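Please look over the chain shown here before reading on. The briefing that follows takes its parts in turn, beginning with a sheet and ending with a single residue.

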Amino acid sequence: MSAYCPTCGTQTAAVEVDHGAGSVTCPSCGDERPFRSLPLHVVVGASGTGKTTAWRRVVGTIDAAVLDWDITTFDEDGGYGAHLRELADGPRTGFWLRLSANLHRSGVQVVLFTGAVGPDEIADRPESRYFPTVRYLALTCDAGTLRERLRDRRGWEWARDEGFPWADLDLQTSINAAYREAAADPDSPVTAVDTGERTPPEVATRLREWVQRGLG
Ligand SMILES: [Zn+2]
């Protein structure tokens, strides 16, 4: 009962979850059922900060489902990607949160590699109540490195031509700067790893250590 109440038929993500008690309550009829939740680990970063490189190195090497949000972005011509790119940011985020919570119900830890999603956007989603805590690791680099990587990226000309935000150099540079600023705030839930200063294996090691601390 995280999306549909079998007792009264209500469909809502805005259920009441008591993480301490391990229960979920339907906001319409008050029906209460067991609910298993786990902390969610979210990897964020502007385009060009090395998320895909890190994902490839980490997936399959830790005891967690390491999910790649880009599967709802990229696909061959005529595939589902063109349809899913039409999704607004909010529903897309909600889908991934719901999928992560569904894996948590089976006891599977989740490391969710996203795009440029901020803690506020996730906190604003009703699905965020499925998690006792959400942790953020931001992959960042200096602005010059970022612009160089994005300019050299093969196969993205079409995305720049069509005006997709994830291929916009100025926008991604400002998102990267915002993550660096957030991580510098000790009260922020964001931790940053600079991928310009580290090799891909070093970044992967940092990422694994960050996940492990969250499981501790
Ligand atoms: Zn109900």
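**The antiparallel sheet**

Three strands make up an open sheet in the order S1-S2-S3, and the pairing within this sheet is antiparallel. This is a predicted model, and the points below should be read with that in mind.

- Strand S1 (16-18) and strand S3 (32-34) are the edge strands, and each has a single partner strand, so one side of each is left without a neighbour in the sheet.
- On average, neighbouring strands of this antiparallel sheet are turned by 25 degrees against each other, if direction is ignored.
- Strand S2 (residues 23-25) pairs with S3 in the antiparallel sense, and 3 bridges connect the two; within this pairing, the bridge partner that Val-24 finds in S3 is Arg-33.

**The chain as a whole**

- The protein chain contains 8 helices and 8 strands.
- Its radius of gyration is 18 Å, which is close to the 17 Å that the globule rule gives for 216 residues, so the protein chain is as compact as a globular protein of that length.
- Taken along the principal axes, the box filled by the C-alpha atoms of the protein chain is roughly 55 × 40 × 30 Å.
- Of the 216 residues in the protein chain, 31% are buried.
- Among the contacts in the protein chain with a separation of 6 or more, 68% are between residues that lie 24 or more positions apart.

**Two domains**

- The protein chain is divided into two parts, with domain 1 covering 1-35 and domain 2 covering 37-215.
- The centres of domain 1 and domain 2, taken over C-alpha atoms, are separated by 29 Å.
- Domain 1 contributes 7 residues to the contact between them, while domain 2 contributes 9 residues.
- On the side of domain 1 that touches domain 2, the residues divide into 5 nonpolar and 2 polar, with no charged residue.

**The parallel sheet**

- A second open sheet has 5 strands in the order S5-S6-S4-S7-S8, and here the pairing is parallel.
- The edges of this parallel sheet are strand S5 (65-68) and strand S8 (190-194), each of which has a single partner strand, so one side of each is left without a neighbour in the sheet.
- From one strand to the next, the twist of the parallel sheet averages 20 degrees.
- S5 is paired in the parallel sense with strand S6 (residues 110-113) over 4 bridges, and the bridge partner of Asp-68 in S6 is Phe-113.
- S4 and S6 run parallel and are joined by 3 bridges; in this pairing, Phe-113 of S6 is the bridge partner of Val-43.
- S4 and S7 also run parallel, joined by 5 bridges, and in S7 the bridge partner of Val-44 is Ala-138, whereas Val-43 stands opposite Leu-137.
- S7 is in turn joined to S8 by 5 bridges, with the two strands running parallel, and Leu-137 stands opposite Thr-191 in S8.

**Burial of the strands S4 and S7**

- In S4, 5 of the 5 residues are buried, so this strand is largely enclosed by the rest of the structure.
- In a regular strand, side chains alternate between the two faces of the sheet.
- Leu-40, Val-42 and Val-44 point one way from S4, while His-41 and Val-43 point the other way, and all of these residues are buried.
- In S7, 5 of the 7 residues are buried, so S7 too is largely enclosed by the rest of the structure.

**Helices lying across the parallel sheet**

- Helix H7 (residues 169-184) lies across strand S4 (40-44), strand S7 (134-140) and S8, and this helix runs at about 120 degrees to S8.
- Helix H8 (residues 200-215) lies across S4, S6, S7 and S8, and its direction is at about 160 degrees to S8.

**A closer view of Thr-145**

- Thr-145 is found in helix H5 (residues 143-152).
- Is Thr-145 buried, partly exposed or exposed? With 18 other C-beta atoms within 10 Å, Thr-145 is partly exposed, since a residue counts as buried if 20 or more such atoms lie within that distance and as exposed if there are 12 or fewer.
- Thr-145 and Thr-173 are 28 residues apart in sequence, and their C-alpha atoms are 9.9 Å apart in space.

Definitions and conventions: Residues numbered from 1 in each chain as written. Predicted model: local features only at pLDDT ≥ 70, side-chain atom pairs only at ≥ 80, totals over all residues. Rg over C-alpha atoms; globule rule 2.2 N^0.38 Å. Contact = placed C-beta atoms within 7 Å. Domains from an automatic or database assignment. Nonpolar A, V, L, I, M, F, W, Y, C, P; charged D, E, K, R; others polar. Pairing = 2+ DSSP bridges. Axes fitted to C-alpha atoms, helices over the stretch in contact; angles between N-to-C directions.
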